[in-house]
4 protein chains.
Amino acid sequence: MHKNQNFRTDLACEAIQRYQENICNTITEEITKDKLKITKTVVGLEDEELVGKKKGTYFAIDLSNTNFHDTKSCMEIEKALMDVLCEILKENNLINKKCLVIGLGNINVTPDSLGPYVLDNLVVTRHLFKMDTVNVGYSEVSGLTPGVMGATGIETFDIIQSVVNKIGVDYVIVVDALASASISRVNKTIQVTDTGISPGSGVGNKRKELSIETLGIPVIAVGVPTVVDAVTIVSDSMDYIVKYLNQKRMGTSSKANALTVKEVKIDYEEASCVPENFKEHLMGQIGMLEPHQVKALVEDVLSPNGYNMIVTPKEIDADVEDLAKILAMAINITLHESLRKSYLG
Amino acid sequence: MHKNQNFRTDLACEAIQRYQENICNTITEEITKDKLKITKTVVGLEDEELVGKKKGTYFAIDLSNTNFHDTKSCMEIEKALMDVLCEILKENNLINKKCLVIGLGNINVTPDSLGPYVLDNLVVTRHLFKMDTVNVGYSEVSGLTPGVMGATGIETFDIIQSVVNKIGVDYVIVVDALASASISRVNKTIQVTDTGISPGSGVGNKRKELSIETLGIPVIAVGVPTVVDAVTIVSDSMDYIVKYLNQKRMGTSSKANALTVKEVKIDYEEASCVPENFKEHLMGQIGMLEPHQVKALVEDVLSPNGYNMIVTPKEIDADVEDLAKILAMAINITLHESLRKSYLG
Amino acid sequence: MHKNQNFRTDLACEAIQRYQENICNTITEEITKDKLKITKTVVGLEDEELVGKKKGTYFAIDLSNTNFHDTKSCMEIEKALMDVLCEILKENNLINKKCLVIGLGNINVTPDSLGPYVLDNLVVTRHLFKMDTVNVGYSEVSGLTPGVMGATGIETFDIIQSVVNKIGVDYVIVVDALASASISRVNKTIQVTDTGISPGSGVGNKRKELSIETLGIPVIAVGVPTVVDAVTIVSDSMDYIVKYLNQKRMGTSSKANALTVKEVKIDYEEASCVPENFKEHLMGQIGMLEPHQVKALVEDVLSPNGYNMIVTPKEIDADVEDLAKILAMAINITLHESLRKSYLG
Amino acid sequence: MHKNQNFRTDLACEAIQRYQENICNTITEEITKDKLKITKTVVGLEDEELVGKKKGTYFAIDLSNTNFHDTKSCMEIEKALMDVLCEILKENNLINKKCLVIGLGNINVTPDSLGPYVLDNLVVTRHLFKMDTVNVGYSEVSGLTPGVMGATGIETFDIIQSVVNKIGVDYVIVVDALASASISRVNKTIQVTDTGISPGSGVGNKRKELSIETLGIPVIAVGVPTVVDAVTIVSDSMDYIVKYLNQKRMGTSSKANALTVKEVKIDYEEASCVPENFKEHLMGQIGMLEPHQVKALVEDVLSPNGYNMIVTPKEIDADVEDLAKILAMAINITLHESLRKSYLG
């Protein structure tokens, strides 16, 4: 996997997009619900190595056209996420099975605290089942916040594996903050997958994978990218600059430094191809590099001086707080029929 | 153990004091260091049932003459606690052995958050030992905050036992907030014992015991009482009223309602015996009851209406924050020789 | 006001109840809405000194039969509080006038943080009015959290007065945590009054009054008692003991120490009178004291030793968080018609 | 000031550096203390417009070679900051005068919470002076956290001005989180100046200036940059890329895409000039743009899509917590001689 060594992302949709010309057995479909675009991607075995993502199903709920600090939008997102979770549970035959929800991350580092905060709002029932005091319409749910290795000295996987073996659950839902390869997706995408998770892989600090292969039971992972590294911001932007100027050239025959046409919103992800000679004209030798070469160059430039910070938006406190409530509510109404009924009706 | 069913405390010193006339094989010694009174109590097997505390060693560091929000006093307490921990580790042959420190409690309920906050300030090294990157002067320490059953749905003991079995440690230090049977000890006593702990036993909500008998390895428990129930406050105070008025009668021949002599500080714990007829004169039939009968009566009065609140001082946020730092520092300098040397200077 | 020097409460309903035989010009009416009992008390000038509360209107919303951690109950409370606020604004001709909402208290001391947390959830619009960018259906609202004198070195009144004079508002809503004289009302009553507030008066630490007399504009105060002192708990309970045993004597001819009939819930506030001779039989000379004498005695007993802690329920974190959201929502939908419409419909 | 419209920084040292060829009356001197480089810059009236910073004295303490999470380094920084504060107070004849310390910012937005957190650790004494209960060795200090306009609806300047006028102080120390124009200075520089502050100016959201001109009393500002915008990260990095490749070309005759020499740490701030033709070779037309043109271009590219996030390092929680303690300690030992003596000795 030499080519994507500099391409760090926890999001399958980003990995797919990057290698889309070369994928041979991956299917993507897209639906729109309210203001939410939901993408379902099924990665085939043949593409695992190419895209650096495991075979299986990945959903991405795109929040970029909605405002999740608003009550009404929250409910739309909660319902969409519930639908996705229900579909993935159904496909994996996990409806009403015993579930352990795990909140990965560090509660003291805000952009890494999504998992623990979701757990704070989770409705757990396993202890009530043990005491036979649970009401109808609830399934057996337990929760765990194992902490991070830097704070426990214990490999997180080991804590989870030993608890899973001890308490006997049918599957695991893991919630974690992710890393994005694009500034446009930070705090703007919810990913759900049945392939499990490799904590920290998006920031180059890989821990033991949590998956059916390693734990022996299905692992559904739910995550939101909350950070991006400076290298990503810079190489993304250099790409956007070329696309932006190309767009302006075609539309308005403007020159590179004619910064007159303002506020033309461009969908950089979808932008048409920029001719090679225009790239060279604009960006010289650097314009000729492949995207992964640009990333590698920027990393060489920034890393030795400690400038390759992992960054997060200034509003991270409010973003994580509200996203955690949305994720918790969606998980609660997915797992407990009784809560779902009263929520929906 | 019918007699002490209403006598809820996690502190051995309180239990001993209450039954001191009847104990037959329990030794108490007391030393004073700076402004700290340190009591060491060794409960014998014969007294286990009577005092409701397991056979073993209990230390109590009394903070009532010091101000633990002050830097200098903090250091005195940290050193005293380090000495106590070193002594108890030595007696149990645990010096430099592999230690797992467990922070019991709920980080979202301030008076119950002492354990998790201590863990936030713990220096863990186990992962560095696994990678062979640890410096000289550090022992192998790991940490765990298992959460509370109401938030996880899992018996806390089960999480701890499965992790202990998985990672292979030699002993456990458990940190927890305790319940006191006296308002005078809330946030004012640090207890250290080698007998383990029964989480929640001080508030009548007993969980599975953590001890060498149940975990198979030594369990050192470190705790501070942070709460007291209203029943305790009331029955304590009714006892104090009689002692106070008796003191005044002897000293000043005042009458029950002659509330003229002000601000006479009385050590109610040590106060001399009050004659029966004076008790009856003052407090009627209720004055004639045994202490445990008073407690039972007050509980009957307050509980049905939900008035038997478990309460905590108004200043609990600052108290827990500073106590957690003290406990963490003392544990760190006890376990890691290198930190101890640089701390002691 | 010698008699009530030991009777510390910020709640008018408690003060009225205590002196009900002697009041001459105070009217109380009670309505029930959903599970909420709402009491409106109009204290007359003649009773000011007796009850220690200023002439004016006081509403008390009793939350003891509801669970304010539950979404549906929250909405009932929010609507009830909105109704009360609307009524008091109407009576004082303040509808749609310019309002400054002030959150008194210390955000770092949980039981004292109600005010600042309400302000965190307040919808302010004054700056939008200044920029003429405000939508229809919003009134002009600003907010201020002045801090506490121990943290600022400045009399809180002085900060408020200078800001009020500077920015030109028509009236003030002050939100504060209060002290109760009864354990049964802690976190269980919302008081609203048009008489203003004397911060800290309920805990014997009186600051300059905030009222129309001192600020020159109407001051509506909204508060919830979050603390009670140990003296109150003890003297309340001693009173309850006598009532409890009297009730049992009449109902079951039980003796003082026959603690056999369990779990009879008694409304101690409404309990019938206890005969003097029974009081003496039960409680001796202390049973003969007037309530304020009992309080004074208990204070003399507890205070010199530092045992008269101001305490708060163990669950204070969750209580304050949820109460603050309720108060903020009720204030928002009271002040902003547009929010009210979307909330109600 | 057209040229620097895209050059947003609150740091004078950054502004000076950018325009260093053109300044005519600005003096910079540098001293090194422990691992700290301290720069003192005196901006002359003639350079005000050019550099966009007011005439006066600016100190910058560079933390990039130290670790402020370490106790010993903290003390070095605290002492250096104390020295700077003492010097600036002396130059302005403010020693032992009455001081109001103001914590600007929003406690709920971590990168903006530096000011309020410093205030949490400030030793205030004004109320003790008013009661004549203050000890020798303390000067009269008060504190204020006015909040932000978005949360109060009130211009922050108005709150401060009205309180200043009311309570009568001799000068003001303002603490605020700043914006940097360089990723290398985020959480790595403490700036102290006697020219006051324009809150929000570093992020293009300018509020009324706080200065001797507007408040009528001297305003000392202490700040740390905690955020940077994406535009800055990108344009900085594009500049670094050229410098990096130029350095490699000279040292190793490598080509633009020969990414073989790794980990050569380059001081980009000090790097020698890059020949124009090499710039064009590498970066095409964009390499020919002036730095402010690059910034303008990047802003045009990123802003319309909402990609110009203001970002902060992932570790912001711990950074702000520890920096706030350092600033508060330095202010406390500067203002209170008694604390200074016990700190230093």
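This short talk is about how the two domains of chain A meet in a predicted model. Residues are numbered from 1 along each chain as its sequence is written, and chains are lettered from A in the order in which they are written. Because the model is predicted, local features need pLDDT of at least 70 and side-chain atom pairs count only at pLDDT 80 or more, while totals for interfaces use all residues.

Let me start with the layout. The domain assignment, which is automatic or taken from a database, gives domain 1 as 12–231 + 312–344 and domain 2 as 232–311. Their C-alpha centres lie 32 Å apart, and the contact, meaning heavy atoms within 4.5 Å, takes 16 residues from domain 1 and 18 residues from domain 2.

How much area do the two domains bury between them? The figure is about 1,400 Å², 52% of it on carbon and sulfur atoms, where buried area is the accessible area (1.4 Å probe) that two parts lose on being put together, summed over both. On the domain 1 side, A:Ile183, A:Ala230 and A:Val231 lose the most area to domain 2, together 46% of what that side buries.

Turning to polar interactions, there are zero salt bridges across this interface, a salt bridge being a side-chain nitrogen of Lys or Arg within 4 Å of a carboxyl oxygen of Asp or Glu. The count of residue pairs in polar contact, both at pLDDT 80 or more, is 10; such a contact is a pair of N or O atoms within 3.5 Å, and within protein one must be able to donate a hydrogen and the other to accept it, while residues adjacent in sequence count only if both atoms are side-chain atoms.

Definitions and conventions:
Side-chain values use heavy atoms; hydrogens and water are left out.
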